[in-house]
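Here are a few exercises to work through at your own pace. Keep the sequence and the structure side by side as you go.

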Amino acid sequence: MSRSPSFSVKTELSPKLDPESFRQWAVAFCIIRFDLEQGQLIEECYPPGCLTQDEELEIAFSSFPDSVSQHQNRSSIHDCIFFFRFRRQDDSQPVHVSSPEIIEVDKELSPKYTEKRNLRRLSTSKKNEDSRYMYGYVFNRQRHDERLKRGGEQKSVVILSRSPYSSVFRPLLQIMGPLYFDIGKKALEHIAAYVSMWPAPVPGKLMELPIGNAMLKVNLPPAHSLPSESGLFEESVSSMAPFLPNNQIVPQGLFHDSDLFGTFRGLLLQLWVLWELLLIGEPLLIIAPTPPQCCEAVASLVSLVAPLLYSVDFRPYFTIHDPEFAHLNSLQQGDTFPPMVLGVTNLFFLKALRNIPHIVSVGSPAPNSNRLALTMRSSTGNFSARSEAFGLQQLSLKKFSPSNLLSAVKLRRDGPLCLMTEHKEAIWSTYAAIMKPDTSILNRLIDAGMSPRVEESMSVVNNEILRRHFSELTTNFLAPFGPYFRTKTPSEGSSPFVDPPSLPPFNADEFLGSLSARGPGKFLSKRMKSNWLDLYRRFLKGPNFMPWFQRRRAVAEQEQHKLWKQARMNADIQQFISKMSELEIVDSFNAIERHFLGEIQLQQSGKASADSVSTCQKLKGDLQAVFNVLPKDMQQLLLLKPQSAALLQGSPEPTKLPGRPLVQVGVVSSTSPR
């Protein structure tokens, strides 16, 4: 655990809580006590009344380490920090659905379908104002005292948020946790008041967040990696485009601060297998001895596929008290396990979740542990003769020794249930990997030796090496989809007042056929086996593709809309009119009127841009200019439409759109008719 920033409370200078600003970052701060007779109890919740009873119960159960997961610690005080994630109780979606917008992959994404989808998204945006999931960041303290019942007590300080801002809440817990145990409930009130003074979160940016006399300098994850249902952030094509930044300090996905190297240093050769499993949305069970190791492993895996939007349900610390455990435990032999990444410490899950196809065991090996194995399990649960085992000692690849071979055979024979007797770092999976491990990346990693201080510094370097490689891997894998997000600007001499062309429709079969003909590209071709196209097929059918693709398309459409709007602002309407036929002039009138009304609707909904007033003035002038060159009979016909007449007359009478409040349309002088 890193050192806590210094912090002091001065009551007379403490700010007052602003609930609305506080909710931009967090939902509540909770104090949870483990009572010997009543179990987990929420002692404090600040601000009060913001959780349902069911949520309180779930939070209380998730805020303590499993009794079987903690080794005996003889020290008087033991602190640990971890986090969990749970589905909010008002979310009615079944556990196996990872996105409400998933459709059959071979369905063509036509412009008509895209338009309907966007309308549906607008109609449901109100319902999805809150995220479907909530995160709990926990500072747990176990105090051992022989004078107390059962030799000790434990409490947890919990920050609840709808945002996966681990880079913010972990250091905040390092301040708030010890402070609570020093001064009690006042710590929650003071910290909450300071949090409510923070500026609104800006995804992908370095933010300085003051807490008393301390300052948190944190990088927030980028907008493209955050849940889209909150609708809080505006994205741009540049923020989501497949590119590699020169500055790797800028996070490319969720949990960029997780210790990927430290968590998987005993399984480094298997990171490429895990990357594939995450990419195609396979279910994974992560087992570790303690909650901090467990949630760090899950966070590291989620970060492995950045900058891809990871849409699979992940639980950094999952317990048997989670409401969804009953459903998962009821799955029968042969049932398909839903796409989830579950981090657990209770070995009971090995027996309860027998249907989960991929199991990863990490945590608490010796720094130079020689155990590293991958065993292959058949679909019936028996183990096939195929097995691989790799030795890794101080980051150098090592040939098989008789002892390594015997260990691999024993792991294959015993299966993951061998963890019941002794914890080992290993992976059990039936998956045949397509991507080859890049040993040149492993050879660049630095061995820190045994010094903790040096090891922490070297982990930072090693994490950046690994993240840059896997970010490059993911970016190159997604690059073939680039043409489907390519925006177009009006060509020289063409009218910007017509609707922009639709983005190219997507058809899975056509995409795979085209990709098969041209290949995956130089970067991937030398790293993938001959059946590389199967990885794309699985990705297209998996739970990650459609949410990512649809979101990228929506952002590209939004960007194209901005480009054409800017072109309309810069256009000289008189030049276009001089080259138009009468029919084209009428079409231009209708198009400008439609854009004008659309801008007014944005103003009425409060979603207009800063330049909306000048845009309306420009469109009003263009509309009047086009109207003036029309024949008199056509002008009279248009003036019979109340809506067109109100827009054209420029009178002080406000414009009333159906079902909308009144909007004043500015007066623009007209030119004389041609």
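**Exercise 1.** Which order do the five strands of the open sheet have?

*Before you start.* This is a predicted model, in which local features need pLDDT of at least 70, side-chain atom pairs count only at pLDDT 80 or more, and totals for chains, interfaces and linings use all residues. Residues are numbered from 1 along each chain as its sequence is written, and side-chain values use heavy atoms, with hydrogens and water left out.

*Solution.*
- Step 1: Strands are DSSP runs (E, at least two residues) and helices are runs of H or I (at least four residues), numbered from the N terminus. Two strands pair if DSSP finds at least two bridges between them.
- Step 2: Following the pairings gives the order β2-β1-β5-β4-β3, with antiparallel pairing.
- Step 3: β2 and β3 (77-87) stand at the edges with a single partner strand each, so one side of each has no neighbour in the sheet.
- Step 4: Direction ignored, neighbouring strands of this sheet are turned by 20° against each other on average.

**Exercise 2.** Find the bridge partners of strand β1 (residues 28-35) in β5 and β2.

*Solution.*
- Step 1: Begin with β5 (residues 152-161), which pairs with β1 in the antiparallel sense over six bridges. Here V158 is the bridge partner of C30, and S156 stands opposite I32.
- Step 2: Move on to β2 (residues 39-46), joined to β1 by seven bridges, again antiparallel. The partner of F34 in β2 is Q40.
- Step 3: Check the cover: six of the eight residues of β1 are buried, where buried means under 20% relative accessible area (1.4 Å probe, protein chains only).

**Exercise 3.** Which strands does helix α5 (residues 186-195) touch, and how does this helix pack with α4?

*Solution.*
- Step 1: Count a contact when heavy atoms lie within 4.5 Å. On the sheet, α5 touches β1, β2 and β5.
- Step 2: Compare directions, using axes fitted to C-alpha atoms (for helices, over the stretch in contact) and angles from 0 to 180 degrees between N-to-C directions. The direction of α5 makes about 155° with that of β1.
- Step 3: Helix α4 (residues 166-183) packs with α5 at an angle of about 150°, and their axes are 8 Å apart.
- Step 4: Look at the contact residues, including L172, I175 and M176 of α4 and L188, I191 and V195 of α5.

Methods
Buried means under 20% relative accessible area, exposed over 50%, partly exposed in between (1.4 Å probe, protein chains only).
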